[in-house]
Amino acid sequence: MDEKENPFDMDSPSFDADRYLEKLLKECSLKQIMDTEAAVVKDTQTLHSDMQTLVYENYNKFISATDTIRKMKDDFKQMETDVNLLMNKMQSITTFSEQITGTLQGTRSQLCRLSEKHSLLKRLQFLSTLPAKLKSLIEEQNYAQAVQDYLHAQKVFAQYGRQPSFDGIKRDCDAIMEELKERLRLDFQSAGNTAQSLTEIGELLLQLDEKTCDLASEMLRCASKRLHEQIVMLQDQTERDMLEFVDMGIDGFLNDLALVVTSYFDMFVAKHYEQERDDFQENALNALNVFLNENIDKYLTLVQDRVESDIGYGDTQVMLRALDRLHRRLQAMRNICRGLQVQRNTLDIIIGAAHQLCDAHGKSLKDHFADSLSAVRLSLVSAKSDVNLSELINNLYVAMVEKIKGVLQDLMIFLRTDWSFNIKAENKGALCVEGIREHLLIGFLRHISKVMSGFADVSSSSPPNLLLVLSKTCLELEQQGVHMLITLVDDLYEIDSENSATLTHETEICAEMRETAQSLLDSYVRLQGTNISQMLRKSVETRDWLNCLEPRSVRAVMKRVVEELGSIETVLASLYESNAGNAGFRTTASSDSSRKTYFSNFNASKPQYRSNWSNYTPSQLESSYVSNIHRLFSERVDIFTSVEFSKASIVMGIIKIGLKTLLECVRLRTFSKFGLQQIQVDAHYLQMNLWRFVSDENLVNFLLDEILGSAVHRCLESVLMEPNAVEIICERG
């Protein structure tokens, strides 16, 4: 059954209450019937409440609608009355119009003829007063109005000029305008004219039928004079800052140039003149192009000279703000000057300024580096007590790195995104950015290496500690500084150095820095070794070894050598980290039982070793075979070899030089028995003390053994002192 026709659905239009009640009584229990009654009562109350709410909500709308309808009835009644009145008035107007038309029908043609005659009389009156009016306008220097009136009169003269009465007026007007043309020509050629007045005069001369080609040439010539005067004036503005200087050029020179170019273009290029040759416009455009580029080139040359004079002295940001304004103005001129090619632009000046600023910063970096080196040398020379070398190295390193960082940040101003120019967009600019990396940073790092390596020359009289400071600084640059600075410049300027075949890789600079550090350190070792050698050489050469007394103590020079090595070791310990297990001084000798120490026995607390030479009898000592066999199975010792960047290696290099010198001096002397024994005592003293400074005393023991062996060979009576006696003397000394 369709829901809409269901008699048991209360919401259906076909609801039958009796049938619904009968169905309830049949099918439902008493409780269900009572529940249904309660639900129906509740729904009824709800519907009644909703109805009341709806009425209350729309009551005001009903009232307003009633008022509106009532008011409309009144308004329509008034409107109907007004419309009827308007219809009556329109009928009256129509009647009067018809009467007037009928009355004036006969005189209409007469009125037209009178109007034409009145217009003609006004023209004739204008012609009759034209000569006087032209003179008056010319005296008032209102040349534009005079030319306009004369051209307006030409139309009348063309129509009535054959009449005798008008012929005289025409001759007078022509004579007046010829005088005006002559005056305009003189004004046009005057040097004091502005570009605006030059353009206005040119327009007037063209209207007065001046020869176009001559006027075009004269306009460019006169404009060139005026623009040259402005160039001369700008050359004298040296007291102004760069921003004011460029603003003056833009407001004066460039604005006048743009006005001349646009006016010339509109007058001679954009218009076609029948009396001129077919190629006149093309020639005029070429002449304008040459004129424009010549004057822009003059002005930009002046700006470039000013930029070059300000680099290194003025504010770079102010200079670039000025060049940015100039660049924007020239870009606008390019848009205005249609069909013209402006060959030169400000980007070349900006790139040139970047190159020049790089050079200035490069010189500043070199000067700063030279001052820093001078400060380090002064600190080393003037220090009354031991100077802190680590602090000097740190100050020198940090000063160089921070100065370079500051320079790189300063040059970033050329790549600011708010400038209207982008130097990296041009090939020259990209090369300039790479030049900041190559010529400024890489060039300065190589300058550092070159200058520092100069201190390593044999002819240089540099103090040893200076060599040590410079060597350590180069080592710091090789290990940290070079990578940090090159990474910084690559990141700041977005340079892909890894994939470039022309850019210098950091490994090349690191290798140069390490090579310089090595040469400086080798020079330090050589210099300190030479100082030790001089003490030992003098001690050998100034002593009479054939008339020596029996040794009772260690010679003072040996103690001085050990003290000097101790001082050197202390300085090196503050700069170079020792290898693990070898920090500071060694406190025990090597416990390798496969080797013997030399010259004496150690006390009971140390392993017992005996001297090689004390193992032989005097008869055996007389034979040279012992030493020859010993040398045969000994390794060759390289004295002047490069040392490692470690405390032990550096000290070992100094000791080798000193002991080698002592060995050569001993070979040149002849010794008595007591002289030999003094060498034995000295060598044993060195053996007792030098092992503390090295990681492996084999080499030291070998050289000391060579020294004693040479003394034995050069001795007239080869008798060694008892080891116990040697040890007692050394410990007492």
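Me: What makes E512 and R446 a salt bridge?
Reply: The closest N and O atoms of E512 and R446 are 3.1 Å apart. A salt bridge is a side-chain nitrogen of Lys or Arg within 4 Å of a carboxyl oxygen of Asp or Glu, so the pair qualifies. E512 lies in helix 15 (residues 506–541) and R446 in helix 13 (residues 427–454), so the bridge ties together parts that are 66 residues apart in sequence. Helices here are DSSP runs of H or I with at least four residues, numbered from the N terminus.
This is a predicted model, in which local features need pLDDT of at least 70 and side-chain atom pairs count only at pLDDT 80 or more, while totals for chains, interfaces and linings use all residues. Residues are numbered from 1 along each chain as its sequence is written, and side-chain values use heavy atoms, without hydrogens or water.

Me: Are E512 and R446 buried, partly exposed or exposed, and how do you know?
Reply: Buried means under 20% relative accessible area, exposed means over 50%, and partly exposed lies in between (1.4 Å probe, protein chains only). E512 has 25% relative accessibility and R446 has 32%, so each counts as partly exposed.

Me: Why is the pair R306 and D310 called a salt bridge, and where does it lie?
Reply: The closest N and O atoms of R306 and D310 are 3.3 Å apart, which satisfies the limit of 4 Å. R306 and D310 both lie in helix 9 (residues 280–310), four residues apart, or about one turn of the helix. An α-helix has 3.6 residues a turn, so residues three or four places apart point the same way. R306 has a relative accessible area of 10% and is therefore buried; D310, at 18%, also counts as buried.

Me: What makes R306 a charge over the ring of F245?
Reply: A charge sits over a ring if NZ of Lys or CZ of Arg is within 6 Å of the ring centre and within 35 degrees of the ring normal. R306 lies over the face of F245, at 5.1 Å from the ring centre. R416 likewise lies over the face of W419, at 4.3 Å from the ring centre.

Me: How do you know that the length of helix 9 agrees with its number of residues?
Reply: The expected span is 1.5 Å times one less than the number of residues. The 31 residues of helix 9 should therefore span 45 Å, and the end C-alpha atoms are 45 Å apart, which agrees. Helix 9 is followed by G312, whose phi is positive, near 90 degrees.

Me: Why is helix 19 described as largely enclosed?
Reply: Of the 21 residues of helix 19, 17 are buried, so the rest of the structure largely encloses this helix.

Me: Why is the pair E563 and R560 still called a salt bridge?
Reply: The closest N and O atoms of E563 and R560 are 4.0 Å apart, and the rule accepts a distance within 4 Å. Both residues lie in helix 16 (residues 556–575), three residues apart. R560 has a relative accessible area of 41%, so R560 is partly exposed.

Me: What is notable about phi of E494, and where is E494 found?
Reply: Phi of E494 is near 50 degrees, a positive value in a residue other than glycine. E494 is found in the loop between helix 14 (464–492) and helix 15. At 67% relative accessibility, E494 counts as exposed.

Note on methods. Helix = DSSP H or I, 4+ residues; strand = E, 2+ residues; numbered from the N terminus.
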